[in-house]
Amino acid sequence: MTIEWTAIDDVIAAIEAFLRERGIAPDDMLALESANSVPGALTLLALLSRGASFAFLPAPVSTAPAQPLPRFLRHRIRVRSPLAEGKGDPVSLLRPETFLEVRAIEDHRPLPQGSPLRRDRLLLRTSGSLDSPKLVVHTHEGLLGNALNAVERLCLDGADRVLIPVPLAHMYGLGAGFLPALSVGASIALVEGANLLRYMERERSFRPTVAFLSPNLCTMLLRPRSAPGHYRHVVVAGDKLSPEAFQEAEALYRRVVNLYGSTEMGVICAADPRETEGPRAVTVGRPLPGVALRLDPQPGSAEGDGSPGDIRCAHPHGFEGYVDGDGCPLAGDAAAQAGWYATRDLGRLHPGGHLEVLGRGDHAVKRDGRLVMLAEVERALERLSGVERAAVVVAGETKRGRGIVAFCTPRAGADIAPGSVRRACQESLPAYAVPDEIRLLPALPLLPSGKLDRRALQRSVSASHSPHEASPDHGHRPS
């Protein structure tokens, strides 16, 4: 389904009339549930142009547990998926009743009349990769400012053809991809329920110049094939590509732009696709204009000694705060109240101000009195010839300290065993950082955003035995 730029205003007007006819007032708080689709994107734009306050949420999927809707929202707007066409009337963009479903939310508890949440607010839910999802509040003005701030760094213009397979209901797809591309008048293609085949089909028909990819999809697309000549660059955010995958992707797509951001801050750093030198494979570029970073030394390290530091960010277009299911503010980080937001990531600054993100600050353990960055263990595993992807979690206690369990997926055609992987780790990692247990999986679990679902891995470890000081052959093969 496609729409020309000149027809967008008519569709937005039709959606606004549809909402009025159903008694939805401008200050009614809404939930918009939509997958990546043209009707969903147009409904999003209609709510933004209306100055509505709404939570933008991914369409529910049967494979994921349903998240309760906040009680201060009054109506749920669901966008019918074009993939479901053939079930009911055909979708017509000028007839919103063919793609929109509106229902009142049960147990609704209205906010006070003077609540700032009632107008010009967009709420997004964090991914919940490491902890419970939170509701993040952005102003419409801040959301637009964030998007415009990313345009120049990402080198977007009206001649671009931008392909977005990552969810619009997450800040990466919305604030880094869709809104910046929209602001310059680029052609935009959305991929719903993105997988390898759907992406490649859309790639062939749309011939994008820029694409916004998750690391997992980017890695899958590296299977041997001819290099598409129409790309200028691809943007990758979330979990880091291995240096080998980065080089393969650059050979295929001409340039890879690593991007770093969060649901709360939007785009924080991004590489410049015009730059060809520097540590581009391991860094996420420099902060965007107006964005300031600082690295707070960890206990036991001194400022400026090269040790990893906790990343804090001051952003001119950051979020307002968190709210609970009743719309009440949640207490945030004390430093965020002073203008600095704690990203909870560890980082290191390279010459020229390029930031290397090393992993979550709570994704590290002490063993033999040494700090082990689990992200560095993952990178060491992914450098092994037979390992495609790796993820590491902690569980139980060993003689060295907290136990480390590594999950690995094999490369296509590779025949690896837990014991051989662990022996290879003993050659490339210090003894205190070698995983106690290796588990092989055909694929790692992912969240709808494309991020690794570490909580699922942690649950699987907790449900089995605790790791112990393992023999070299200790591990599990995939079932």
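## A walk through a predicted protein model

Leaving aside its neighbours within four places in sequence, Thr263 is in contact with Leu124, Arg125, Thr126, Val136, His138 and Met171. Thr263 sits in the loop between β11 (256-262) and β12 (266-270). Is this loop residue buried or exposed? Thr263 is buried, because its relative accessible area is 16% and the cut-off for buried is under 20%.

Please keep in mind as you look around that this is a predicted model.

### The whole protein

Let us step back to the full chain. The protein has 11 helices and 25 strands. Of its 479 residues, 53% count as buried. The protein exposes about 20,900 Å², and carbon and sulfur atoms supply 51% of that area. Among contacts with a separation of 6 or more, 66% are between residues 24 or more positions apart.

### Helix α2

Helix α2 covers residues 38-49, which is 12 residues. From its first C-alpha to its last, α2 reaches 16 Å, close to the 16 Å expected at 1.5 Å a residue. How many of its residues are buried? The count is 11 of 12, and α2 is mostly covered. Among these buried residues are Val38, Pro39, Gly40, Ala41 and Leu42; Leu47 and Leu48 belong to the buried set as well.

Have a look at both ends of α2. At the N-terminal end, Ser37 acts as a cap, with a side-chain oxygen 3.0 Å from the backbone nitrogen of Gly40. After the helix comes Gly51, which has a positive phi near 75 degrees.

### Helix α5

Now turn to helix α5 (residues 196-206), where Tyr199, Glu203 and Phe206 are buried. Why do these three lie on the same side of α5? They do so because they cover an arc of only 85 degrees around the axis. A general rule is helpful here: an α-helix has 3.6 residues a turn, so residues three or four places apart point the same way.

The face of α5 turned away from the buried side carries the exposed residues Leu197, Arg204 and Ser205. What covers the buried residues of α5? The cover includes the strands β7 (161-164), β8 (187-190) and β9 (210-213), along with the helices α6 (215-220) and α7 (243-253).

This helix has a cap too: a side-chain oxygen of Asn195 lies 3.3 Å from the backbone nitrogen of Leu197, at the N-terminal end of α5. Following α5 is Arg207, with a positive phi near 55 degrees.

### Two aspartates with positive phi

Most residues other than glycine have a negative phi, and most peptide bonds are trans. Against that background, two aspartates are worth finding in the viewer. Asp107 lies in the loop between β4 (100-104) and β5 (121-125), and Asp120 is also found in the loop between β4 and β5. Neither Asp107 nor Asp120 is a glycine. Here are their values:

| Residue | Phi | Relative accessible area |
|---|---|---|
| Asp107 | about 60 degrees | 48%, partly exposed |
| Asp120 | about 55 degrees | 33%, partly exposed |

### The cysteines

A disulfide is a covalent bond between the sulfur atoms of two cysteines. How many disulfides does the structure hold? The number is 0. Cys408, for example, is in no disulfide, and the nearest cysteine sulfur, that of Cys425, is 7.0 Å away. Cys408 counts as buried because its relative accessibility is 0%. Cys328 is partly exposed, with a relative accessible area of 39%.

Note on methods. Residues numbered from 1 in each chain as written. Predicted model: local features only at pLDDT ≥ 70, side-chain atom pairs only at ≥ 80, totals over all residues. Heavy atoms only, no water. Disulfide = S-S within 2.5 Å. Buried < 20%, exposed > 50% of the residue type's maximum accessible area, 1.4 Å probe, protein only. Helix = DSSP H or I, 4+ residues; strand = E, 2+ residues; numbered from the N terminus. Expected span 1.5 Å × (residues − 1). Polar contact = N/O pair within 3.5 Å; in protein donor to acceptor, adjacent residues only side chain to side chain. Contact = heavy atoms within 4.5 Å. Areas by Shrake-Rupley, 256 points an atom, 1.4 Å probe, with all protein chains shown as cover. Arc of directions from axis to C-beta.
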